[in-house]
Each structure stands twice: as structure tokens, then as C-alpha cells.
Amino acid sequence: MSEALLNPALNPILQAVGWALVHFLWQGALVAGGLAAGLALMKKRSASARYALGVGTLALLVVLPVVTAFRAYEPVAPAAKSSPSPALPRFAGEGAPAAPAQEPAPMSLRETVLPWMPSLLAVWLLGVALLSVWHLSGWIQVRRMTRRATRPVDDGWELALIRLRRRLGIEHAVMLLESAAVPVPAVIGWLRPVILVPASAFAGLTPEQLEAILAHELAHVRRHDYLINLLQAVVETLLFYHPAVWWVSSQVRQERESCCDDLAVSVCGDRLGYARALAALEGLRTPHLALGADGGSLLRRIRRLVGAPEGIPETAGGAPVAWVAGALALAVLLGGAAFHDGARAGLPFEVRVMAEPVTKLAMKADAPFAAAQKEPASSRQSGDSQGRRGQWTAERTEDGIQLQMTDRHDGNRSQHSHNYDLSELVGLSTGSNVRFEMPRAAGTFHFQGRYDGELGEGTFTFQGNPSYIQEMSRIGYQVEQDDLFKLALFDISPAYVSELKAAGYDDLSLDKLVEFRIFEVTPEYIRDMAGLGYRDVPADKLVAFRIHGVNPDEVRELAKVGLRDLSADRLIEFRIHGVKPELVRAMADAGYENLSASKLVELKIHGATPEFARDMAELGYRDVSLDRLVEFRIHGVTPEFIREIAGAGHEGVPAEDLVSMRIHGVDAEYIRKAEARAGHKLEIEDIIDRKIMGRHD
């Protein structure tokens, strides 16, 4: 009886499961290829539409093995149980077992796979078990974060959270806590969601930036993403062996972050400000089952937010991934038939496919540049940019006007928001029927509508400048009429391009020129950085400089405190972790001089601040090494902990014993109980030993 239960050859249920896993190899590849093609076709659609396609695909990946298992299930007839040859399931395209012949018949697919079925199922069950334990431990760890090292936030942030909840239409309560256990803001839970915000976020982000990040977290709550993420983990666990499942799941998570980004922007109203808030979270990661504001590819999300979304993913060779995936699915599908026929002919069969997608940027305003460059010039409408129309809204700010322009062209919706100086808007006045212009080298925007001095709205038209095309041609750029709208939108003037060429950047694409404008990579900035030794910096690195706020003044100050000749990557790392000249001076005042760049980063990561060093020095630990300070922070040896131990009668505990106490869970309460049981005062080493022994009892 037990043999029948455990042997797939005798147990029809196990046999059906095994066949479902085997056939899912080609089914999963085919479905993933379909998703890749669908995403390529929907690259102009909203993130929510692409997300719906991804979730539907993930659901299909779950349904297929279930349906296949039902089809493969064949109950063993009573007479067949004593038969020396167990019955085998038949699939479409597989005939009945061959009649006896004079010569041995080649083995069928069923006969080839069936002997391996017990091993395949054993490996699958082992993988499911290991992943289940891993996910469960991660879930437990995440849930503990809501109860450990947390405290309520100020009332002002509670009110801000309520205001954001109302804007997003969230009626149920959401708890907001300050946490020392998470590196970036994250939302945990579904029925009773909790948003955890690290103390560093309150100190390192402006109130506007933090409010935008909270809007992102609330977007996850509104969309019930925590629950969906848990279900994704279940799918990844059960079908872990197929790369297509992990790829589809990653696409779902990527589009989920885009959906939440869009909701957050709709609340805060400032795309560029929100993008800068995301950039402040660079280099930090949330726990596996938590949903954090920096999820997904940060650079891709930032470029998408500011109007430069990623285009069609490509392989290293340049072919779009959608076609590669489709070809892969077809190859695997045909390979299944080849395996079936090849097995009968006694031929070996092996397929190895590798696809390494590489992101290609396609700037989004009226149509992607990539498509425009591939399209023959003769097929484009020469007057397409003439009379381009859309809507505008405006809001007065302290230093100008926040102007947002929205239009729809060729079925593609474009939105651009930027803060403009009043001098750029020629003829702007107040009234119910105002008319003003924004002249650019590539064309002029004409606005009409109402403006009361604070808020405004109306319609706009764009008129391209044909002479701009000739001017750009003289400096080496092929510009079409369709490009004028975008180049005017971002104010790409021939003078700006010429200055970049003079600064050594003479091979920038139109896409890269727009990206330079978005992130304010100016010729002046390039010259300032070159004067500090950062010459011939790659274009992408310059953009990263600006995203993270690397500025010449701070580089000069770093040199004054002894940090010279830092690499470009180190400058970015300093900005990510908040390593500033003030930190170097403060650490020197605390007794720690001549610190290396890597040691400064380590101190910031673990929160071994000058204030912490001074507090520990006041408690008698002034001569500890930097490594010991970091160890204190990692294990939670705080001034409060030391004072509690002193209150229990143990002052001047050696540094290494303090660390050991935290590792083994020895606190003031345990010390009092241990000494009460012993009837006398104990040495710290003895107390630690008792705690360790107690754990083994």
C-alpha cells in the first residue's frame, strides 16, 4: 500500500502531478513569450494596463499545471493494480501503446520520463519545502519589525498620513511608526497595514519628499499589493524550477511600482520632486515580503517619471526581447515534439537558451525617438508638430510657476510638469481670458485660458520652428518635424548643444540631450567638475551625479578635510549615505582622525555618528576602536543599554562583554533574576554563561 502511495508509476495522483510539472516546461515558456510580446505592444499604455496583463499571465501560469494534472489523471482500474506494467497517461498526439513487434520498439516520451518521475518529484518537493521555510522565516521576520525597535511618529505626521489617506480614498486605518529595523520606508500587512519609516528618512528627506514617499506606501495599501505579493511568493514557491515564472513575477512587481509611482504623483503633483525623493533612497533595500518605496529599478522609474521611460527591452545583440521570447517559446514548443519523435528514434535532445535583456531608453513626449529613427523620413508627416494641441494647468510657487502640459498624440498621452521662471512666460497676466507664450528655439508654445495669480488652466498649441532643423543639422544632428515638440519642451537649443560639444560631449544622442536637460547637466557644471579633476566623465555618470546631488562646492570641501582624488562612484556613494565634510570634522573632534572613505561610509550605514561616539565616551568608552563602535551599533549596545546595566549593579563592563550580552539576550532584568536565584552578585561572564546554558536546557 505504501509503495503505491509513494511511487508515481503506481499512484495516479502523483503521476498526474509529475506530468503537469514536465509539460509546464514548454507551457511556461510559451506563456512568458506571450507576455513579452504583449508588453512590447503595450509599451505606450498605462502602467495599470500592463500590470493587469502581468497578473493575468501569472494566474495563467498557475492554471495551466492544474488543468494539465486533471487531464493526465487516470485512475488505475482494479485489475490493473496487479498488472506488472502500470497504465500510462495519454496526451493529445500520443497514441496507444505500440503493439508487440518482432524488434524492440523505441521508447516513447512516457516511457522515457516515467523512470525519472520519482526523482523529479522528490527534487520538486524538496525545492518547495526549502522555499516555503525561507518565505515563512522572511514573513515572520517582517512581522516582528512592526513590534521591535519602533515608536509612534509625531502628531504632525499622523495628520499628514490622514490627509494622504483621504486623497487616495483609503477609509480603513493605517498605522505609521518610526523604525530602527528598516533601511527605507515600507508597508507591512494587509488587513491592518503598518507603514514603517526609518529615523534617517525623517532626518534625510525634506517634509515634501517624505510625504511623497508616504503617498507611494499608501498606494500599495489602496491596491492591496501586500496580499498580491504574498500570493506571488506562493506561485514562485510551487513553480520555482521554471525561469519563466520568476521573469513574469518580476515584470508584475516592476509594473506594480510604476502604478504606485503614478498614484503618488497624482497626490503630490510634482513628478520631478517625487523622482528626487526616490533618488534619495538609492542603494537601500526593503525586506523581501515588505513593499518599499524604492522597489524595482530606481533609475528606470526615475526616467519614466520625468518623461524618459524605458523603451523596448533588447538583448545584447539588439533584437527586441519580445521577439526573442516568442522565438524561444516556439522553439521549446517545437522542441517538445522533437523530443517526442527523437526519443522514438533514439536521438538525444537538449535545448539551452539564454536571453539577457538590456534596457534601451525611448523618450516619451509625442512618439519614441527609437521608433522615429527607424521609420523612413519619407513616411513621416512633415507638418505633424504644427498646431499640436493640449491642456495646461498652473500653480504659483515661491520661485515661479509650476506649469503642467498634457496632450494626446497618435494615441499616446504625454504629460510634462516643470517649474518655470516668470520671465519664460511672455505676456502672462491675470484674468478670465489670458494669452501668453513660451518661446523656445525649436518652436513656441501658445497658451490661453484663465489665471487668477495663483491657479490657472486652459489650452495650448505648439508651433514648430522649421529653421531649427537646419541649425541642428549644421552641428551634426538629424532632427525631424516630429521631434520639435519634445526638443522645445525640454528647451534643447543649438547653443546648448554646441556648448556641450565644446565641453567634450559631441556624440550625445537626442535622447541623452533631453536627459541632460531634465537632470540639469549644464556646460557650466561639466566645466566645474572638470576643473576638480573629473574630466571625460561618462554621460550616464554625469546624470547620476546630478540625480544624487554631487556638486563642485562639496567636492572642494571634501578635499579640504583630506578626501581628495575620490572616484566618481565614491562621490555618488558619499551622497547616497550622507557622508559630508561636516561628518569628517565631527568625527575628528570625537577623537577619530584620518578616516578612510570606505570607513566613513561604513560609519554612516550603521549609524555610528559623532554624537554616538561622544555619548559612549562620556560613559567611559572613549578609547574603543571604530570597528568596536560599529559593532556596538550592529548589536544594539546603546548608551541607554549601558545605563540600564549600570542600574542593575554592573558598571564599567568591558566592551566585548557588552556585545556578548546583547548577542545572548542578557539585559538588566535577566541580571537581577539570575543574581536573585544565585543569592549573591555574579560576574558578567558568569551571567552570560548562565544565559547560554539556559538556552540549551
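These legends walk through several close-up views of a predicted model.

Local features are described where pLDDT is at least 70 and side-chain atom pairs where it is 80 or more, while totals for chains, interfaces and linings use all residues. Numbering starts from 1 along each chain as its sequence is written, and side-chain values rest on heavy atoms, with hydrogens and water left out.

**View 1. Helices α2 and α10 pack at an angle of about 30 degrees.**
Let us start with α2 (residues 12–41) and α10 (residues 243–268), whose axes are 9 Å apart. Helices here are DSSP runs of H or I with at least four residues, strands are runs of E with at least two, and both are numbered from the N terminus. Axes are lines fitted to C-alpha atoms, for helices over the stretch in contact, and angles run from 0 to 180 degrees between N-to-C directions. The two helices, α2 and α10, are therefore roughly parallel to each other (angles under 35 degrees count as roughly parallel, over 145 as roughly antiparallel, 65 to 115 as roughly perpendicular and the rest as oblique). On the α2 side, Phe24, Gly28, Ala29, Ala32, Leu35, Ala36 and Leu39 meet Ala244, Val245, Trp247, Val248 and Gln251 of α10; contact means heavy atoms within 4.5 Å. Sorted by class, the residues of this contact of α2 with α10 are 10 nonpolar, two polar and no charged. Ala, Val, Leu, Ile, Met, Phe, Trp, Tyr, Cys and Pro count as nonpolar, Asp, Glu, Lys and Arg as charged, and the others, Gly among them, as polar.

**View 2. Leu35 of helix α2 is buried.**
Zooming in on Leu35, we find a relative accessibility of 2% (buried means under 20% relative accessible area, exposed over 50%, partly exposed in between, with a 1.4 Å probe and protein chains only). Beyond residues up to four places away in sequence, Leu35 touches Leu53, Gly54, Thr57, Trp247, Val248 and Gln251. Thr57 is 22 residues from Leu35 along the chain, and their C-alpha atoms are separated by 6.8 Å.

**View 3. Phe70 of helix α3 is exposed.**
Helix α3 spans residues 47–72 and holds Phe70. The relative accessible area of Phe70 is 67%. Its C-alpha is 7.1 Å from that of Ala16, although Phe70 and Ala16 are 54 residues apart in sequence.

**View 4. Strand β2 pairs with β1 and with β4.**
Here β2 (residues 175–179) is mostly covered, with four of its five residues buried. Strand β1 (residues 150–152) runs antiparallel to β2 and is joined to it by three bridges; two strands pair if DSSP finds at least two bridges between them. In this pairing, Pro152 stands opposite Leu177. With β4 (residues 194–198), β2 pairs in the parallel sense over five bridges, and Ser179 stands opposite Pro198.

**View 5. Strand β10 pairs with β9 and with β11.**
Follow the chain from β9 (residues 431–440) to β10 (residues 443–451), which pair in the antiparallel sense over eight bridges. These two strands, β9 and β10, form a hairpin with two residues between them, and Phe436 stands opposite Phe447. Nine bridges then link β10 to β11 (residues 455–464), again antiparallel. Thr444 stands opposite Gln463. The hairpin of β10 and β11 has three residues between the strands, and Gly453 takes a positive phi near 95 degrees.

**View 6. Glu554 in helix α21 is buried.**
Helix α21 covers residues 552–560. Glu554 has a relative accessibility of 15%. Setting aside neighbours within four places in sequence, Glu554 is in contact with Arg575, Val579, Lys580 and Pro581.

**View 7. Helices α24 and α26 cross at roughly 20 degrees.**
The axes of α24 (residues 597–606) and α26 (residues 626–635) come within 9 Å, and α24 and α26 are therefore roughly parallel to each other. Lys599, Glu602, Leu603 and His606 of α24 meet Leu626, Asp627, Val630, Arg633 and Ile634 of α26. By class, this contact of α24 with α26 has four nonpolar, one polar and four charged residues.

**View 8. Gly665 follows helix α28.**
In α28 (residues 655–664), Ala655, Asp657, Leu658, Val659, Ser660 and Met661 are buried. Just after the helix, Gly665 has a positive phi, near 80 degrees.
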